[in-house]
Amino acid sequence: MEEDKGALVQSLIETVNEIASISDYRCTVKKQYCNLARRLKLLTPMFEEIRDMKEAVVSEETVKALVSFREALESAKELLRFGSESSKIYLVLEREQTMNKFLEVTARLEQTLSGISYEELDISDEVKEQVELVLAQFRRAKGRVDLPDVELYEDLSYLYNKKDAATDPAVFRRLVEKLQLAGIGELTQESLALHEMVTSSGGDPGASIEKMSMLLKKIKDFVQTENPNMVAPATEKNLVATSSGQASTDKNCKAPVIPDDFRCPISLELMKDPVIVSTGQTYERSCIEKWLEQGHGTCPKTQQTLSSTSLTPNYVLRSLIAQWCEANGIEVPKRPNRPNKTASACSPAERTKIENLLHKLTSANPEDQRFAAGEIRLLAKRNADNRVAIAEAGAIPLLVGLLSTPDSRTQEHAVTALLNLSICEDNKGSIISCGAVPGIVHVLKHGGMEARENAAATLFSLSVVDENKVRIGASGAIPPLVTLLSEGTQRGKKDAATALFNLCIYQGNKGKAVRAGVVSTLMELLTETGGGMVDEALAILAILASHPEGKAAIGAADAVPVLVEVIGTGSPRNRENAAAVLVHLCSGDPQHMVDAQELGVMDSLLDLSQNGTDRGKRKAAQLLERMNRFIEQQAQAEAEVETETEVEVEAVIEPRPLTQSETQQPQPLSAVNADR
């Protein structure tokens, strides 16, 4: 029960800390949500005292009460996050629903907090008083509701229900001011918030969200009319080439600067058909589809793993782009025509071809098998429709059976075909259920180099699903991945690194990787000539450092000098990861702190704390605080030693009374010599 209590209370502390990190609540709910977050943060001292209790026995009833409060706290966290990230327009128009949810969460918090027995927990009187204050505030909040901005609601409702275009400009001005939607960045953020709601609804937002998007378009049109240059303030500063190729400063010859929000992060071109991926980022449809068809499972901009490959049209951003083009005299980009797709749009002839290839896969002729596997490999690479059709035809179990064939070329085709098929989310489950993992690991161990590379890439693709990480790690895949990381081609090393990174997100696989010798291989990659694998090596080390075995192995590998160098001279992401590793190494091991200080890490950490990524700044701040505290402790210890030394010296030189023998006159030197 003691261990359960500790984990429970720690989760409460972490949830409150997550709530404390939420900021920038939407203006329409800011006051109430800030008050709620502030009250919840006042409960942290109580949880910390409960956590630090050593001898007190907590009853089962109190544990249940804490569990109930944790559930209420989670609801509050989701509510506050919604108030920070949601659409401003939605929060106003759905004010009744939003307020009811707020009151429901507040009442639940008050009820569950009242159910905790503070007398049994033996917390300090000061903390008890603070908790009673929070309870009193919750009770007062139940009976008091801040009046909403009626004018704002009426203005939005008026526009929401109005069909004709004629609207009083004063209404728009009030909305723009109160909703803080005067700039392109604010409008884009509101657009993304609405489309996040579209994404969370599975692509079927309903009529209300669509009407809100149209309402945002009206507001955007008004802002664009009032301030035509808002999206391109730097236009007049730019020079463009004239037809003669010379630079011109003539105002009439200047080309408008395309806002960054309107450019595809992949092509950097103005988007024609913007779509949203599962991470919330927007891309040109053709570019992100090509990226996905190449086998990538991550968001190109954030490098986060995509939870889904579905693409949601960003209608509001498309409208913003069209209006910007019209305002700047640019032809509005036309959206490419796209056929309506079913589960698979393969023609009957293509399906017949696939069936014939599957028939050859079952042939006793090795050449037929090799040819068929190679063709299926190419078809699965070509497009999503083929991937669906091939799986529907029953190819996956046949390809899995060929993973153990003695024909190396057929084996390579089979594992690569499975890789291409695994790009389709539905196919991942089919591949796993057909027992493919042992065969893929067999290829990883014994296949040719290209087959081993593609086997590693297949394991990465399958490990995107969390439960597959456990299965793949238990299959013995990690040691051969470490071997490929050490001795493979550059492509093979990258395939192995991405697979290992994904697998080691699961805590149980970290120890397996360390015992397979991955740390020494990663250290070699960090210091090898060319440095082509530094990014991957540091990313994996940052994950492993949180594991006791990983931390010990990294410390034993003399990593501190390399980490200090990267923190000083590396790329932003590499500096961040190097600092993250060093944070773990310095935790509980002062020798690593001494080594890092002697290598001059302090100046680099100061720079990182000011100019690094958000995570890099946090890690640098942690290290600086820890090292400064260590330096102070060293100085204090040295001062105490000096004080003790001075006392000892004074004791030695202090005069003492002479004994009787010492008061007698010494014999002459000659007499002493005569006695001998």
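The following exercises, each with a worked solution, concern a predicted model.

Residues are numbered from 1 along each chain as its sequence is written, and side-chain values use heavy atoms, with hydrogens and water left out. Because the model is predicted, local features need pLDDT of at least 70 and side-chain atom pairs count only at pLDDT 80 or more, whereas totals for chains, interfaces and linings use all residues.

**Exercise 1. Describe the surroundings of Glu 412.**

Begin with the backbone: Glu 412 belongs to helix H19, residues 408-421, where helices are DSSP runs of H or I with at least four residues, numbered from the N terminus. Next, decide whether Glu 412 is buried or exposed. Buried means under 20% relative accessible area, exposed over 50%, and partly exposed in between, with a 1.4 Å probe and protein chains only; Glu 412 has 9% relative accessibility and therefore counts as buried. Then list its neighbours: leaving aside residues up to four places away in sequence, Glu 412 touches Arg 377, Glu 450 and Ala 451, a contact being heavy atoms within 4.5 Å. Finally, look for a polar partner, and the side chain of Arg 409 is found to make a polar contact of 2.8 Å with the side chain of Glu 412. A polar contact is a pair of N or O atoms within 3.5 Å; within protein, one must be able to donate a hydrogen and the other to accept it, and residues adjacent in sequence count only if both atoms are side-chain atoms.

**Exercise 2. Explain why Cys 264 has no bond to Cys 287.**

A disulfide is a covalent bond between the sulfur atoms of two cysteines, and the criterion used here is a pair of cysteine sulfur atoms within 2.5 Å. The closest cysteine sulfur to that of Cys 264 is in Cys 287, but because the separation is 4.1 Å, it is too far for a bond. Accordingly, Cys 287 is in no disulfide, and a search of the whole structure finds 0 disulfides. As for accessibility, Cys 264 is buried at 0%, and Cys 287 is buried at 17%.

**Exercise 3. Place Asp 149 in the chain and state its exposure.**

First, locate the residue: Asp 149 sits in the loop between helix H8 (125-142) and helix H9 (150-161). Second, read its relative accessible area, which is 34%, so Asp 149 is partly exposed. Third, consider Val 92, which is 57 residues apart from Asp 149 along the chain, while their C-alpha atoms are separated by 8.7 Å.

Technical notes
Helix = DSSP H or I, 4+ residues; strand = E, 2+ residues; numbered from the N terminus.
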